[in-house]
Amino acid sequence: MKIITTITEMQDHSDRLRHQGDRIGFVPTMGFLHEGHLSLMRRAREENQALVVSIFVNPTQFGPDEDYDTYPRDLEKDASLCREVGCDVLFTPGVDEMYPQSSVTTVSVAGMTETLCGASRPGHFDGVTTVVCKLFNIVRPHAAYFGLKDYQQYRVLFQMVQDLNMNIHIIGLPTIREEDGLAMSSRNAYLYDDERSGALTLSRSLDAAREMVREGIRDPRAIEQKVTGIIESEPTTRIDYVSVVDADDLTPLSTIDERALLALAVFVGDARLIDNAVLEINGN
Ligand code: AMP
């Protein structure tokens, strides 16, 4: 596995791969890799001749009071996991390499970035779209793989690629969970043992919501209320938002017709955890 830290070397390498006809699969990450990341990498490995993984903790997607400085990092372990999965290139640029002082351009997707995580983390999605757009221009992948755990991020990036006519397949893959249901996340490292039961209310409340839809309940507010009750039953939790929205454009819904997204963001101790479920009337 090649480890590349500069943009020009990465671009040259991708040019060579494309020139020899290789299809490039790309998995952008912020590192501290877990099974969720590895599932994306394995799929990308299967579907492409070359697998590029990036690890870059992107400062522009963190707010001033967020956890950029303390975000968990372990490059050595990450590199060995990437090797095990059969990654060809690990791209790990530094912050100065990605954001020279001269850089003044932002990529911004309107509308769907203003709700859910966008409402509580102003500027977050501009940071995400800008860095992913840059990474796409550097790695020049044919296909890029994202987790549906970050459903809004996936949806926003899908929109960006469509709107800017980027010739890249955006592939969204299911959330990988711990055995007890907790969605895997690098931020789970922040959880103390006694916070674990608080964290489990997220997946438990998603199950309860699916059950309500199965029972014929179509009122988004009733589902939000039930979910809120389950999460608030644990003293270690503090809800950021609980929202049932349209699964395509993420706008509020007055009733669930076919497909809705139930999205949650909850603070458990110092960790801000997110999770979601797509609620489908036929076979949720
Ligand atoms: P991150 O390192 O948190 O920026 O995540 C990098 C990629 O891994 C994103 O596309 C995430 O959606 C995805 N990802 C994170 N956690 C999971 C998970 N539990 N299951 C599937 N994909 C995930």
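These legends walk you through a few close-up views of a predicted model. Local features need pLDDT of at least 70 and side-chain atom pairs count only at pLDDT 80 or more, while totals for chains, interfaces and linings use all residues. Residues are numbered from 1 along each chain as its sequence is written, and side-chain values use heavy atoms, leaving out hydrogens and water.

**View 1. The open sheet and its strand order.** Six strands line up as S1-S4-S3-S2-S5-S6 with parallel pairing (strands are DSSP runs of E, at least two residues, and helices runs of H or I, at least four, numbered from the N terminus; two strands pair if DSSP finds at least two bridges between them). At the edges sit S1 (2–4) and S6 (169–173), each pairing on one side only. From one strand to the next, the twist averages 25°.

**View 2. Strands S2 and S3 side by side.** S2 (residues 24–29) and S3 (residues 50–55) run parallel, joined by six bridges. Look for Pro28, whose bridge partner in S3 is Ser54.

**View 3. Helix H6 against helix H7.** H6 (residues 124–139) and H7 (residues 151–163) pack at about 55°, with axes 10 Å apart (axes are lines fitted to C-alpha atoms, for helices over the stretch in contact, and angles run from 0 to 180 degrees between N-to-C directions). Phe125, Val128, Thr129, Val132, Cys133 and Phe136 in H6 meet Gln152, Gln153, Val156, Leu157, Met160 and Val161 in H7 (contact means heavy atoms within 4.5 Å).

**View 4. Helices lying across strands.** H3 (residues 75–85) lies across S1, S3 and S4 (89–91), at about 165° to S3. H6 lies across S2, S3, S4, S5 (143–147) and S6, at about 145° to S2.
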